[in-house]
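Okay, thanks for coming, everyone. I'd like to walk you through one chain today, and I'll put it up on the screen now.

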Amino acid sequence: PPFVFFPSAEPNFTYVYLNLPVGTDQAYTSEVLRKLEAKVNAVLTDPKTGKRNPVVKSVIANVTVDAVDPNAGEIGDFPNKGKISVAFVEFAERHGQSTTKILGDIRDAVKGYPGAEITVDKEGGGPPLPKPIVIDITGENLDTLVATADRLKRYLATKQVPGVEELRSDFDANKPEIVFDLNRERMNNESISTYAVAMNMRTAIFGKEVSRFRDANDDYPIYLRLMHSQRSDVDAIRNMPVVYRDMGMGGIIRTVPVSSFADVHYGATYGGVKRKNQKRIITLSSNVLTGFEPNDVVAAVQREINEFHASPSMTIKMGGEQEEQAETGAFLGSAFAISLMLIFLIL
């Protein structure tokens with residue numbers, strides 16, 4: 001018969017996690033989250049009476065602060081993330097109404113928003129566990145690893161395995177960046193070092209502690225940097241003068257704008273690299289839809305992975321709950337064999 005180690009009960013909370021591309025402004029994230037909140041409230045409101053479902057206690061939406069999915073392994077405040085928390089009343093006050101069905105209705109209402117990753121989940125009960133479907137892809141070559149993870153994600157999406165909500169990657173491959181391409185020949189003609197340029201730009205954007213203010217109770221650092229309107233303007237940074245000492249002209253102080261030896265263009269880079277057992281790893285994870293058995297869904301995903309052709313240098317295996325269940329099963333099997341041997345020796 002189908003079984004799970006930790007059966008899930010009716011949710012007391014439902015969370016809608018919004019994840020927009022890295023670099024999204026907090027105001028735009030708030031605007032998108034407001035639209036999702038309207039969809040959630042529409043699900044929780046009776047269209048005939050216009051009143052909210054009595055099993056709902058509160059709906060709270062927040063941006064940036066405390067908006068990360070705890071199962072995603074991220075810590076901190078991100079302006080491109082938001083969260084909607086739906087709290088339900090006590091189980092005895094629900095009068096038989098299923099909050100699992102409400103969770104499924106919310107999931108259907110908020111999916112498909114363009115340019116955003118939306119995850120609907122409930123609170124974790126019992127020991128902390130990863131998502132039911134976790135696929136670990138490990139390898140040494142980062143470019144091959146990223147390509148394999150993207151190809152596997154698209155491959156499984158075409159298979160449409162029943163019960164899979166949506167596979168999401170924990171690897172950010174499109175982090176926007178502004179590239180200042182330095183012309184070394186021009187810099188040599190002006191006797192400018194890359195260190196001088198980097199430190200001037202760092203001071204202008206991030207600031208540099210130049211002194212400290214002390215009073216009777218505490219001391220406060222004093223930072224020097226450009227005004228917000230200037231450091232957020234690419235043209236202002238591009239035309240920022242670099243002050244340096246020209247040793248080729250007797251050590252005089254010179255001022256040269258950045259635009260005279262740097263070409264500015266926009267690009268994208270990797271957001272970060274995660275490792276497990278000293279190997280680079282990318283994880284694809286997903287929740288299991290309501291009404292499906294997690295073990296059956298994972299087995300179906302595993303069958304599709306077995307048909308996937310990857311580079312020999314890449315290792316693809318199921319992680320998360322399945323990995324823990326395999327380790328627990330192996331331990332219990334060996335413990336059972338040892339216990340039989342000990343009983344036999346005692347007898």
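**Starting from strand 14**

Let's begin with strand 14, residues 279-286, which is mostly covered: six of its eight residues are buried. By buried I mean under 20% relative accessible area, with exposed being over 50% and partly exposed in between, using a 1.4 Å probe and protein chains only. Helices (H or I, at least four residues) and strands (E, at least two) are DSSP runs, numbered from the N terminus.

Before I go further, a word on what you're looking at: this is a predicted model, so local features need pLDDT of at least 70 and side-chain atom pairs count only at pLDDT 80 or more, while totals for chains, interfaces and linings use all residues. Residues are numbered from 1 along each chain as its sequence is written, and side-chain values use heavy atoms, with hydrogens and water left out.

Now, which strands pair with strand 14? Strand 5 (residues 133-139) is one of them, joined to strand 14 by seven bridges and running antiparallel. Two strands count as paired if DSSP finds at least two bridges between them. If you want a spot to click on, Ile-133 has Ser-286 in strand 14 as its bridge partner.

Strand 6 also pairs with strand 14 in the antiparallel sense, over two bridges. There, look for Ser-169, which stands opposite Leu-284 in strand 14.

Then there's strand 13, residues 274-276, again antiparallel to strand 14, with three bridges. Lys-274 stands opposite Ile-281 in strand 14. Strands 13 and 14 make a hairpin with two residues between them, and Asn-277 in that turn has a positive phi of about 55°.

**Val-120 and what it touches**

Next stop, strand 4 (residues 117-122), where you'll find Val-120. Is Val-120 buried or exposed? Val-120 has a relative accessible area of 1%, so it counts as buried. Contact here means heavy atoms within 4.5 Å. Leaving out residues up to four places away in sequence, Val-120 touches Thr-14, Tyr-15, Val-16, Leu-103, Ile-106, Arg-107, Val-110, Glu-165 and Asn-287. Asn-80 is 40 residues from Val-120 in sequence and 17 Å away in space, C-alpha to C-alpha.

Keep three names from that contact list in mind: Tyr-15, Arg-107 and Glu-165.

**Rings**

Tyr-15 takes us to the aromatics. A pair of aromatic rings is described by the distance of the centres and the angle of the planes. The rule takes rings of Phe, Tyr and Trp (its six-membered ring) with centres within 6.5 Å; planes under 30 degrees apart are stacked, over 60 edge-to-face, and the rest tilted. The count comes to five aromatic pairs. Tyr-15 and Tyr-17 have ring centres 6.1 Å apart and planes at 40°, so that pair is tilted. Tyr-15 is buried because its relative accessibility is 17%, and Tyr-17 is buried too, at 8%. Add Phe-13, and you have one aromatic cluster of Phe-13, Tyr-15 and Tyr-17.

There's another ring to look at, with a charge over it. Lys-81 lies over the face of Phe-78, at 5.6 Å from the ring centre. That label needs NZ of Lys or CZ of Arg within 6 Å of the ring centre and within 35 degrees of the ring normal.

**Salt bridges**

Side chains of opposite charge can pair when their charged atoms come close. I'm calling it a salt bridge when a side-chain nitrogen of Lys or Arg is within 4 Å of a carboxyl oxygen of Asp or Glu. How many salt bridges are there? The count comes to twelve.

Back to Arg-107 and Glu-165: they form a salt bridge, with the closest N and O atoms 3.3 Å apart. This pair links distant parts of the chain, since Arg-107 is in helix 2 (residues 99-110) and Glu-165 is in the loop between helix 3 (142-159) and strand 6 (168-169), 58 residues apart. Arg-107 counts as buried, at 9% relative accessibility.

Asp-246 and Arg-254 form a salt bridge as well, the closest N and O atoms being 2.9 Å apart. Asp-246 is buried at 1%, whereas Arg-254, at 22%, is partly exposed. Through shared partners, salt bridges join Glu-190, Asp-246 and Arg-254 into one network.

Last one: Arg-212 and Glu-209 form a salt bridge with closest N and O atoms 2.6 Å apart. Both are partly exposed, Arg-212 at 31% and Glu-209 at 35%.
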